[in-house]
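User: Can you walk me through the side-chain packing in this one? I'd like the rules as we go.

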Amino acid sequence: MGSSRLVLSNVLAYEATGDQKYLDAARRWAISGLPFVYLWEDPDLKPWPGDKNPDGEYQPMMRYATIAVFGATSWVAPNWMGRPVQWCGLDYAHALLLLSRYDSTLDWHKIADGIIASAECQLCLEDEKIGLLPDSFQLDTQERYAYWINPTAVHLLRRMADGRHTSLCVVDANGRRIASPYPAVVDGNRVKITAPKGARYQILVDGSELREIVSCGEDVVTP
């Protein structure tokens with residue numbers, strides 16, 4: 001988590017200032033997180049029978065699983081040595097995806113994509129917990145442990161890794177501020193919004209005025 005937060009803060013600082021020292025720091029902290037990521041798969045680990053992908057093959061769980069702690073809670077228990085806690089890894093993956101836009105020292109995008117894929121494999125498969133991300137995962141038994149986490153972060157990071165839009169876009173045009181759920185760019189005094197054709201959505205103007213839009217694919221808004 002320390003690595004992820006320092007990668008994120010330094011990437012944001014680089015975006016804000018363009019100062020190379022922040023990108024250098026982000027790279028250094030990204031490298032410091034790698035010892036917490038499994039970059040190999042133990043062939044002797046046997047997934048539970050239910051842990052199969054749609055093609056019926058057993059899905060590897062270990063590669064790109066992320067270890068949160070080299071030690072134990074309160075120095076006693078539980079012992080976290082080697083145990084994946086993937087929600088911590090997702091935080092790191094998010095920071096690596098941002099770093100990958102500016103740095104190619106390592107294939108940061110591939111590492112982030114692998115972490116996300118491992119999280120997808122660890123999602124619960126049955127009963128009332130289906131689709132939820134476990135707090136931690138035991139590799140040798142393939143057992144999932146509480147608490148049960150909303151999988152929205154996994155979904156959004158998958159969209160981000162695939163190059164799809166994941167957040168609000170805010171732009172200033174003609175002296176007014178536009179918030180859109182889809183990518184928006186300023187074109188003179190107008191705003192062009194790219195959205196799926198036929199999608200119904202709203203934009204917020206100056207924090208108070210809502211406008212309803214049925215998308216034509218590229219929608220032009222005059223504030």
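Analyst: Let's start with ring pairs: rings of Phe, Tyr and Trp (its six-membered ring) pair if their centres lie within 6.5 Å, and planes under 30 degrees apart count as stacked, over 60 as edge-to-face and the rest as tilted. One caution is that this is a predicted model, where local features need pLDDT of at least 70, side-chain atom pairs count only at pLDDT 80 or more, and totals for chains, interfaces and linings use all residues. Residues are numbered from 1 along each chain as its sequence is written, and side-chain values use heavy atoms, with hydrogens and water left out.

User: OK, how many aromatic pairs does that rule give?

Analyst: Four aromatic pairs. One of them is F36 with F70, a stacked pair with 4.3 Å centre to centre and 5° between the planes.

User: Where do F36 and F70 lie in the chain?

Analyst: Both F36 and F70 are in the loop between α2 (20-33) and α3 (86-99), and the pair links distant parts of the chain, 34 residues apart. For those labels, helices (H or I, at least four residues) and strands (E, at least two) are DSSP runs, numbered from the N terminus.

User: Is F36 buried or exposed?

Analyst: In between: F36 counts as partly exposed at 26% relative accessibility, and F70 is partly exposed too, at 48%. The cut-offs are under 20% relative accessible area for buried, over 50% for exposed, and partly exposed in between (1.4 Å probe, protein chains only).

User: What about Y182 and Y201, what kind of aromatic pair is that?

Analyst: Edge-to-face, at 5.2 Å centre to centre with 75° between the planes. Y182 lies in the loop between β4 (176-180) and β5 (184-187) and Y201 in strand β7 (residues 200-205), so this pair ties together parts that are 19 residues apart in sequence. Y201 is buried at 5% relative accessible area, while Y182 is partly exposed at 23%.

User: Which ring does the charged end of R83 sit over?

Analyst: The ring of W80, with R83's charged end 5.1 Å from its centre. There's also K129 over the face of W148, at 5.1 Å from the ring centre. To count, NZ of Lys or CZ of Arg must be within 6 Å of the ring centre and within 35 degrees of the ring normal.

User: Switching to the greasy stuff. Which residues in the largest nonpolar core touch the most other members?

Analyst: L90, L96, L97, L99, W108, I115 and I116, out of 29 residues in that core. A nonpolar core here is a set of buried Ala, Val, Leu, Ile, Met, Phe, Trp, Tyr and Cys residues joined through side-chain atoms within 4.5 Å.

User: Which elements give two or more residues to this core?

Analyst: α1 (2-17), α2, α3, α4 (108-122) and α5 (152-161). The most comes from α3, with eight residues. If you zoom in on L96, it touches A30, W108, I111 and A112, not counting residues up to four places away in sequence; contact means heavy atoms within 4.5 Å. A second, separate core has 13 residues, including A173, V191, A195 and V221.

User: And how many salt bridges?

Analyst: 13, counting a side-chain nitrogen of Lys or Arg within 4 Å of a carboxyl oxygen of Asp or Glu. Among them is D162 with R158, at 3.6 Å, N to O. R158 is buried at 15% relative accessibility, whereas D162 is partly exposed at 45%.

User: Any others you'd point me to?

Analyst: R190 bridges to D187, with the closest N and O atoms 3.0 Å apart. The side chains of R211 and E209 also meet in a salt bridge, at 2.8 Å, N to O. Then there's one network, in which salt bridges that share partners join D113, E120, R158, D162 and R164.

User: Last one: where does S215 lie?

Analyst: S215 is in the loop between β8 (209-214) and β9 (218-221), and S215 is buried at 4% relative accessible area. A polar atom of the S215 side chain lies 2.9 Å from the backbone nitrogen of G217, and one lies 3.5 Å from the backbone oxygen of P196.

User: What is S215 in contact with?

Analyst: Leaving aside neighbours within four places in sequence, S215 is in contact with A195, P196, K197, G198, A199 and Y201.

Notes:
Polar contact = N/O pair within 3.5 Å; in protein donor to acceptor, adjacent residues only side chain to side chain.
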